[in-house]
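Let's take a walk through this model together, going from the overall fold to one sheet and then to the ligand. Keep the viewer open as you read.

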Amino acid sequence: MNMSRLPVISNKRVLTTSSSSSENGQDLGPAQKKIRKDPEPVKPHAAATIIGGRRPPVAATRAPISRPVKGMGAATVAAAPSRGVLKQSIASTAPKGGNMKLTAAPTATKGGGGGGGGGATKRHAWDLKGKVSDMESKVRNYQTKFQSVNQENEVLKGTMVDMKKSLQRQKIQISEYEEELQALSGVRDELEKVSSEKSGIEREFSNLDGKYKVMETLRDSQETELQTLKMKLSVQESTLARQQVTLRDTDEEVRSLRDTVVQQKDELHAGEMERRQLHNAIQELKGNIRVFCRVRPLVEGGLSKHIQLPTSDTKAITLAKTEESHTGKTADTQKNYNFNFDRVFGPQASQQEVFEEISLLVQSALDGYNVCCFAYGQTGSGKTFTMEGAEFDESRGVIPRAVKQIFRAAEKLGAQGWEFTFTASFVEIYNESLRDLLYTGKASKRPEHEIRKSTSNEVTITNLTYEKVSNEDQVLGLIMLANQNRSTAQTTQNDRSSRSHSVFQLDIEGVNVGRDVKCKSTLCLVDLAGSERLLKSQSQGERFKEMTAINGSLSNLGIVITALANKESYVPYRNSKLTYLLQSCLGGNSKTLMFVNIAPESDSFGETLNSLRFASKVNDCVIGTASANRK
Ligand SMILES: Nc1ncnc2c1ncn2[C@@H]1O[C@H](COP(=O)(O)OP(=O)(O)OP(=O)(O)O)[C@@H](O)[C@H]1O
């Protein structure tokens, strides 16, 4: 019944202590945490603080012993070492020790050491037995406490062992955790690496995304462009289709045009042949030998009175000679010498005008006719000017113009299937000896030349330079070379060129393979030596010899032409080198043109008259019908 007076420990504290003393260690979680935080034994005053709510003086731990127990006896016990365990012990043993409390309370009231039972009565001094009994009771009480404390100690020791084990386990676990943490730090590094890689990839992705957008834009623009191109393509395809149709039509047209061309070529060839025939017929009607007279202008310009050129007639020339009266009583008499030629050119006639008249003859040379053109007249009458002319285009003479015309005509005939080869030679006849004007070797090694005639009546000169030419410039170059050679000889023999004949020959060979036609001809252009009479020159010695040779060759030229005109059986070609060389160009198979050049000076009257008489004789000749050298 006194149980209510025993010190009561709050359930909370008991439960806390009880749970901390759990032996199995399973539910030691909170207890362990408390132990880890405060592993030291609880000091007595701390217990007092907990229980009493304030910190009592140290002596107060003993005070309850000397005071009557009013529920604080247990607090005194609890102030002993291992208070926490003791509380538990008290709590756990409380039901068993009900009697201890009963006996302790009276003891406490007396001596304060026994504790326990409140309400004990005070023994009388004589009641020794009773006192002994109390003492014994106290002793038992203490023994019981002692045992209880021992038990508690044992329990605590066990608990300590468990706690140590637990601590050990926790240490192991901690080290495991640390290892795990260590391992996790590697993972963290890796995670950081992965994270940085991720951010790198993200940046790259962002870049790629940007690029992708650019590509998308590009693709869009290209798609637009593609669409445009497709449209253009379709337009072009339709254009192509139209053009293919046009092409087919054009092909048809080309085929028909080709047929037309072939047909027209045939017609052209036939026309060409007809033209040649007609051309030749015209030349024959004009005469195969024609004479043109050309009057050189006076040095001061104009014309002398003794030469009269009727303006209405381009073929007539009159030489008028005024003869003074011998007595002086009669009037002077005038004697006129009238001449007619194929054409008379006055002093104003240009080189072009002159050439136009002979260009038809030059054309004949390409048609396969031998053509010979020579200039006759006294020295200084204008022979060289007519045949060669000067350097400038408008003053170029017959030879360069004829060459130009021949090459141009040959080029045109090339379109009709004609192919031509040209061979040029330039020879000088001086004192009846031949000299190669295209010779380029040493002067000391100049070869001798002879005129040869083949069985086919072809005339050639031995050791002469025959130069193949294919254009006008090449020929002009050869003419320059010939002039150099002539001027070299000129320095050694004064005025030699006037006293020599120069003969330029262009051999022409044409072939038209498609038509199986060939032609061969020679264009012969001759600048004769001055035709002065022997008497006037009153030459002697070498000069006499020269004049004899010149006069001989020129008079033989007249004889040959007359013999040809008279169709005599014998033509004395070989009487002079000149006529021998010109044989093929003067015969019946040729067309001949003679220029008679006139000096206008009055003191040349006699020579002029002689020249005109000679030319007139030639003009009266009709050489047999020419025939083209065609196969
Ligand atoms: N139709 C012309 N118009 C202008 N000048 C001319 C004409 N004919 C000749 N001449 C000039 O007269 C001069 C003599 O002419 P050219 O040398 O041609 O005579 P040639 O008869 O050839 O003399 P040679 O027999 O000495 O060679 C030259 O200066 C020449 O330029």
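The chain holds 17 helices and 14 strands in what is a predicted model. Of its 631 residues, 31% count as buried. How are the contacts spread along the sequence? Taking contacts between residues at least 6 apart in sequence, 70% join residues at least 24 apart.

Now turn to one of the sheets, an open one of three strands in the order β2-β3-β4, with antiparallel pairing. Its edge strands are β2 (307-308) and β4 (333-340), each of which pairs on one side only. As a reminder, strands of a sheet pair through backbone hydrogen bonds, either parallel or antiparallel. Here β3 (residues 316-323) runs antiparallel to β4, and eight bridges link the two. If you would like a place to zoom in, try Thr318, which stands opposite Asn338 in β4. Which helix packs on this sheet? That is α17 (residues 605-620), which touches both β3 and β4. The direction of α17 makes about 145° with that of β3.

Next, please centre your view on the ligand. Around the ligand there are 14 residues, and those that come nearest are Gly382, Lys383, Thr384, Phe385 and Ser498. Which helix gives the most to this shell? Helix α10 (residues 383-387) does, with three residues. By class, the shell has 10 polar residues, along with two nonpolar and two charged ones. For that count, Gly is placed among the polar residues, a point to keep in mind when you look at Gly382, one of the residues that come nearest to the ligand.

Note on methods:
Residues numbered from 1 in each chain as written. Predicted model: local features only at pLDDT ≥ 70, side-chain atom pairs only at ≥ 80, totals over all residues. Near = placed C-beta within 6 Å. Helix = DSSP H or I, 4+ residues; strand = E, 2+ residues; numbered from the N terminus. Buried ≥ 20, exposed ≤ 12 C-beta atoms within 10 Å, placed from the backbone. Contact = placed C-beta atoms within 7 Å. Pairing = 2+ DSSP bridges. Axes fitted to C-alpha atoms, helices over the stretch in contact; angles between N-to-C directions.
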